[in-house]
Amino acid sequence: MAELLFWPALLLYGEAAVGYFGDVRRPGRAGRAATWGVRLGWLAQTALLGVQAARDDGFPWGTWASSLDLFVWLVVSAYLIWGCRKPYRLLGLVVMPLAVALLAVARAGGGTGVGSASHYSNLFLVVHVGLVLAAFAGFTLAAALSGLYVWQEKRLRTSPATILRRQVPALATLDALALRTVAWSVPLLTLGVAVGLVRLVVRGERLDALIAVTAVTWLVWCAYLGLRLLGGWTGRRAAYLALAGFVLVVVVRLALPATHFA
Amino acid sequence: MIHLVLVGTSHHHAPVELRERVALDREAAEALAARLAADGCEAACLSTCNRTELYLATEEAEQAEREAVDALASLGPEVEPALYRLQDRAAAHHLFRVAAGLDSLVPGEGEILGQVRLAHELGTTGPLLDRVFRQALHAGRKVRAQTAIGESPASVSSAAAALAEQVFGSLEGRSILLLGGGKVSEQAARNLRSRGAEIALVANSKTELGRIDEELVGVDVVIASTSAPGLVLEASTVAEALRQRRGRQLLLVDLAVPRDLDPAIAELDGCYLYDIDDLEQIVAETLSGRRREAERAESIVAAEAEKFHEWQASLDVVPAIASLRARAEEIREAELQKAESLLGRLDESQRRAVEAVTAQIVNKLLHLPIVRMKQAAAAADGVLYAEAVRHLFGLGEDER
């Protein structure tokens, strides 16, 4: 069953990624097809996660690969909030290829099947893994919005003649959305990390590389919030900081998980 | 047959000196339409700065055309050679193109749709003009909904407003500083105000220009178009203001030649500077985009014109169809009355059943001939078919 749901999700996300590329060349039909690809793919992946949870009777995304599966779902869910709107289609150009690649990696690691139930309690996994992944999904979107900001800002400076050819959200909108997304994500990460640390202390376990880099990531995103809300940072500077924070998210999600999940 | 007649002139055929002679205000256009409709025909007058057109619906097409030509020619001796004359399908197609903005100086401009609506409202219209104007408005809306012909700015002033929206999103509550009071900058300011922005200061005099430094801290958009020979705003002044703005972005539009704003402002973080060349490039780019979209719009308009033609052609056979239906109904009712005396008394449900069955038989028998007549009408054989039906079914002279 999980197999039956994985392939449609992957193919539809793939179709969306290709559709968004087509939309760049000739805006219109390809973009609409891509949006439907995201919607239907998300439905298929939601069903896949439902089947995984039902079969394993709990929270089956505690392993590195299966957490990637859940992470992709969270990123696409957050993207769907704005992604269906025409000006945000360009965001799909970044988000959907990433979703396809990560979902494929999750499958290669065995994270999209059933039987991944963890020995940890469901409550701990939901609070720790669930919240940390939700926060990382938020940071991913904030980074995508910031990337779009940097790109659009450059166009506004260097090629005003063609600036209106493509519908892109206003700079102020991108800036505000990135801030709002981070403002939601930082508390989620704080809570998720705090729960993990409490458990670490109670069990007397040692810090690993992933925990250390996650702490640095948390600091960077807290600094982002602080500088924006108190230091008056906006625009390009804030966007670059968000992109730097995202690099840490990539390291935490892709380079270091083996040290933690092992 | 009722014909649609169009007589008029536009920017394609007449220079502005001629167009201003035939341009009619609201009252004059209404009065002219009423005068032309006095003979019992339908009439509407579409008059804008780029065109004056008379639309008439009448059985006497030649006479109506002559009257319309006379009416416009009376406005100036040299008008008549610049007039175009179209009828029926071509006239409807022309009106649909006009409503869609395809015949406008700037393809896809949106104002024309309101002007067509006004012409319809002020006209003395009947079934045919009502139909053609409604369908023209529908075609105009459809073109704007299904193509991007009207989406991009077509003037320097609207390009400035579009750029402001690219930076700030909604312009509600944003403030503008106007340096100088040129016509184009006024238009740009008006465009921004129509989107919700407010004018903070119009700096025309030396005293007002001296206040620029402090105003720069609070405003979001600066539009400059003074006739000063040198720079009015230096990059260092803007840099100083930016320090106090705490990262808020500033859009500067320089419409003056020679330029008012220091080109080095473009290098400052948080500033977006555009001069008249940038805006003209945007307009040129969007106009070429509109022309590309116009090709798609033409096919929508052609399809709508075809629908109108089919409807107009079906008018030829409508009286014959009505007579045929009436005759069939007359026969059905007469036969039912005869049957009632033969069958004895029927209760209410039996009566309804017999009514339904006989009505169904009549409808089924007439369905195909009526469909074929309408098809023939669309292919210009309508009159022939109508005559044949009258002859075959013995429809009387009084019904013609």
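**Entry 1: ground rules**

In my notes a helix is a DSSP run of H or I with at least four residues, a strand is a DSSP run of E with at least two, and both are numbered from the N terminus. I am looking at a predicted model, in which local features need pLDDT of at least 70 and side-chain atom pairs count only at pLDDT 80 or more, while totals for chains, interfaces and linings use all residues. Residues are numbered from 1 along each chain as its sequence is written, and chains are lettered from A and ligands numbered from 1 in the order in which they are written.

**Entry 2: the two chains**

I started with what each chain is built from. Chain A has nine helices and zero strands, so I was curious about its order of elements, which reads α-α-α-α-α-α-α-α-α from the N terminus on. Chain B has 15 helices and nine strands.

Next I looked up burial (20 or more other C-beta atoms within 10 Å of a residue's own makes it buried, 12 or fewer exposed, in between partly exposed, with C-beta atoms placed from the backbone). In chain A, 44% of the 262 residues are buried. In chain B, buried residues make up 40% of 400.

I also checked contacts (C-beta atoms, placed from the backbone, within 7 Å). Among contacts with a separation of 6 or more, residues 24 or more positions apart account for 84% in chain A. For chain B, I noted 72% for that share.

**Entry 3: the antiparallel sheet of chain B**

I found an open sheet of four strands in chain B, ordered S2-S3-S1-S4, with antiparallel pairing (at least two DSSP bridges between two strands). Its edges are S2 (42-47) and S4 (84-87), each pairing on one side only. On average, neighbouring strands here are turned by 15 degrees against each other, direction ignored.

I then followed one pair inside this sheet. S1 (residues 3-10) and S3 (residues 51-58) of chain B run antiparallel over eight bridges. Which residue of S3(B) is the bridge partner of B:Val5? I found B:Leu56 there.

Two helices caught my eye here. I compared directions using axes (lines fitted to C-alpha atoms, for helices over the stretch in contact, with angles from 0 to 180 degrees between N-to-C directions). Helix H2 (residues 26-36) of chain B lies across S2 and S3 and runs at about 155 degrees to S2(B). Helix H4 (residues 88-99) of chain B packs on the sheet as well, touching S1, S3 and S4, and its direction makes about 50 degrees with that of S1(B).

**Entry 4: H4 meets H6 in chain B**

I stayed with H4(B) and asked what else it meets. Its axis and that of helix H6 (residues 127-146) of chain B come within 8 Å and cross at roughly 40 degrees. From H4(B) I listed B:Ala92, B:Leu95, B:Phe96 and B:Ala99, which meet B:Val132, B:Ala136, B:Leu137, B:Ala139 and B:Gly140 of H6(B). By class, I count eight nonpolar residues, one polar and no charged in this contact. For these classes, Ala, Val, Leu, Ile, Met, Phe, Trp, Tyr, Cys and Pro are nonpolar, Asp, Glu, Lys and Arg charged, and the others, Gly among them, polar.

**Entry 5: the parallel sheet of chain B**

Further along chain B I came to an open sheet of five strands, ordered S6-S5-S7-S8-S9, with parallel pairing. S6 (198-203) and S9 are its edge strands, each pairing on one side only.

Inside it, I traced S5 (residues 175-179) and S7 (residues 221-224) of chain B, which pair in the parallel sense over four bridges. B:Leu177 has B:Val222 in S7(B) as its bridge partner. I saw H7(B) pack on this sheet, touching S7, S8 (250-254) and S9, with its direction at about 165 degrees to that of S8(B). H12(B) lies across S8 and S9 of chain B and runs at about 80 degrees to S9(B).

**Entry 6: where the chains touch**

How many residues does each chain bring to the contact? I noted 21 from chain B and 17 from chain A. On the chain B side, helix H7 (156-168), strand S9 (271-275) and helix H12 (276-314) each supply at least two residues. H12(B) gives the largest share of that side, six residues. I split the chain B side into seven nonpolar, nine polar and five charged residues.

**Entry 7: a loop residue in chain A**

Last, I visited A:Arg166, which sits in the loop between helix H5 (122-158) and helix H6 (171-203) of chain A. Is A:Arg166 buried or partly exposed? I put it down as partly exposed, because 14 other C-beta atoms lie within 10 Å. I also noted that its C-alpha atom is separated by 8.2 Å from that of A:Pro87, 79 residues apart along the chain.

Methods
Two residues are in contact if their C-beta atoms, placed from the backbone, lie within 7 Å.
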